[in-house]
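Please open the structure in your viewer and keep the selection tool at hand. The stops below go from the whole chain to single residues and say at each point what to select.

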Amino acid sequence: MYEKHYGLLEKPFSILPDPKFLYFGSSHSMALSMLEYGLVNQAGFTVITGTVGSGKTTLIQHFLSNMHQSTRIGMITHTTRAGGNLLEWILMAFGQGFEDASYPRLYKRFCEFVEGEVKRRGRVVLIIDEAQNLEPDRLEELRMLSNINTKSMMMQLILVGQSELRATLQLPELRQFAQRVSSDFQLPELGRVEARAYIDHRIRVAGGPEHLFSSSAKTLLFEASKGIPRQINVLADRCLVYAYAKMRTQVSASTVRRVLEDRSRYGIFASDEASALRPELAVQRAF
């Protein structure tokens, strides 16, 4: 919509987890190092946690894109608190059959699969995203499945989830699971300096001009987003739409303030009373 106007090759603030836009500030660099350390040093369990929108999935996509082809990877991206057979999900993640079999047969199939892949490839890695949805009994089941590593490290497990996962793993009943976590990191929100650098980085990757956002605009975006990358993306993208509507070539602090004001009055989380006042006003101001 606005890419040509700003001289962009693509949208710089999409919320899709595109690895090429990953910003390697100090925290994301450390998280990647812990993932790589866990893989190289054959950690049984690696855990990466962070608040909603902190860039965990983008980090994992980058990690996967640079993983050696000899590694057999299975990934579960959808987890629920509802019941179900976790072993079936794991077998499906690795492209293995799981229909019409009892749990003992599934477990035998799982063990044979892992043992065969280790002989052929040398490494099997299971990644579970959104792992905060796993109940303690599911996590305990994962620990029991990891007992396949009694003689050697045949399967490594990477859990990625929101901060609630960290709290769950601290429960007394998961003490044995936690003892097997040898590599972990909690992604914090971006600080002021990193948030500004994050904005500049994404614009640069998208082929945009320097100073597309004024210095004060970037500061306001940091304060409004509380340093959460996804929130920065959502707000920055809307700011580009607003500035484009006014045919401006730079996003100013006043544009950011207008976006924030309209979101607070007419956005999805605005009160019904505020939204009912004059809903057409937001459109008039934007365009």
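Begin with the sheet, and within it with the residue Thr71, which stands opposite Arg123 in β3. Keep in mind throughout that this is a predicted model. The two strands to colour here are β2 and β3, the latter covering residues 123-128, and they pair in the parallel sense over six bridges.

**The whole sheet**

Now extend the selection to the open sheet of five strands, whose order is β2-β3-β4-β1-β5 and whose pairing is parallel. At its edges stand β2 (71-76) and β5 (181-187), and because each has a single partner strand, one side of each is left without a neighbour in the sheet. If you look along the sheet, the twist from one strand to the next averages 15 degrees.

Select next helix α2 (residues 26-40), which packs on the sheet and touches β1 (45-50), β3, β4 (155-162) and β5, with a direction at about 165 degrees to that of β5. Then add helix α3 (residues 56-65), which lies across β1, β2, β3, β4 and β5 and runs at about 155 degrees to β4.

**Arg72, on an edge strand**

Return to strand β2 and pick Arg72, which is found there. Is Arg72 buried or exposed? Its relative accessibility is 18%, so Arg72 counts as buried, the limit for that word being under 20%. Showing the surroundings of Arg72, and leaving aside neighbours within four places in sequence, brings up Phe94, Gln96, Phe113, Glu117, Arg121, Arg123, Val124 and Val125 as its contacts.

**The nonpolar cores**

For the next stop, select Ile90, Phe110, Ile128, Leu139, Leu142, Leu159 and Phe177, which are the residues with the most contacts inside the largest nonpolar core, a set of 32 residues. At least two residues of this core come from each of β1, α4 (86-93), α5 (103-120), β3, α6 (136-145), β4 and α7 (163-169). The element that gives the most to this core is α5, with five residues.

Centre the view on Leu142, which, with neighbours within four places in sequence left aside, is in contact with Phe45, Leu86, Ile90, Ile128, Leu134, Leu157, Leu159 and Phe177. Apart from this core lies another, of 30 residues, and Tyr6, Phe21, Cys239 and Ala243 are among them.

**Leu174, in a loop**

Move on to the loop between α7 and α8 (175-179), where Leu174 has its place. With a relative accessibility of 0%, Leu174 counts as buried. Not counting residues up to four places away in sequence, Leu174 touches Pro136, Leu139, Glu140, Thr168 and Leu169. A distance label drawn from the C-alpha atom of Leu174 to that of Gly191, 17 residues apart along the chain, should show a separation of 32 Å.

**Two domains**

Colour the chain by its domain assignment, which gives domain 1 (24-187) and domain 2 (190-264). The C-alpha centres of domain 1 and domain 2 lie 35 Å apart. How many residues of each domain are in contact with the other? Eight residues of domain 1 are in contact with five residues of domain 2.

**Helix α10 and Ser225**

Select α10 and show its buried residues, which are Ala217, Lys218, Thr219, Leu220, Leu221, Phe222 and Ser225. What covers these buried residues includes α9 (192-205), α11 (229-245) and α12 (253-266).

Zoom in on Ser225, which is found in this helix, whose residues are 215-225. Ser225 has a relative accessible area of 2%, so it is buried. The side chain of Ser225 reaches the backbone oxygen of Leu221 at 2.8 Å. Its contacts, not counting residues up to four places away in sequence, are with Gln231, Ile232 and Leu235. Just along the chain, α10 is followed by Lys226, whose phi is positive, near 60 degrees.

**Stepping back**

Finally, zoom out until the protein chain fills the view, with its 14 helices and five strands. Along its principal axes the C-alpha trace spans about 65 × 40 × 35 Å. If you colour by accessibility, buried residues make up 47% of the 287 residues in the chain. A contact map is a useful last display: among contacts with a separation of 6 or more, residues 24 or more positions apart account for 73%.

Definitions and conventions
Residues are numbered from 1 along each chain as its sequence is written. This is a predicted model: local features need pLDDT of at least 70, side-chain atom pairs count only at pLDDT 80 or more; totals for chains, interfaces and linings use all residues. Side-chain values use heavy atoms; hydrogens and water are left out. Two strands pair if DSSP finds at least two bridges between them. Helices (H or I, at least four residues) and strands (E, at least two) are DSSP runs, numbered from the N terminus. Axes are lines fitted to C-alpha atoms, for helices over the stretch in contact, and angles run from 0 to 180 degrees between N-to-C directions. Contact means heavy atoms within 4.5 Å. Buried means under 20% relative accessible area, exposed over 50%, partly exposed in between (1.4 Å probe, protein chains only). A polar contact is a pair of N or O atoms within 3.5 Å; within protein, one must be able to donate a hydrogen and the other to accept it, and residues adjacent in sequence count only if both atoms are side-chain atoms. A nonpolar core is a set of buried Ala, Val, Leu, Ile, Met, Phe, Trp, Tyr and Cys residues joined through side-chain atoms within 4.5 Å. Domain bounds come from an automatic or database domain assignment.
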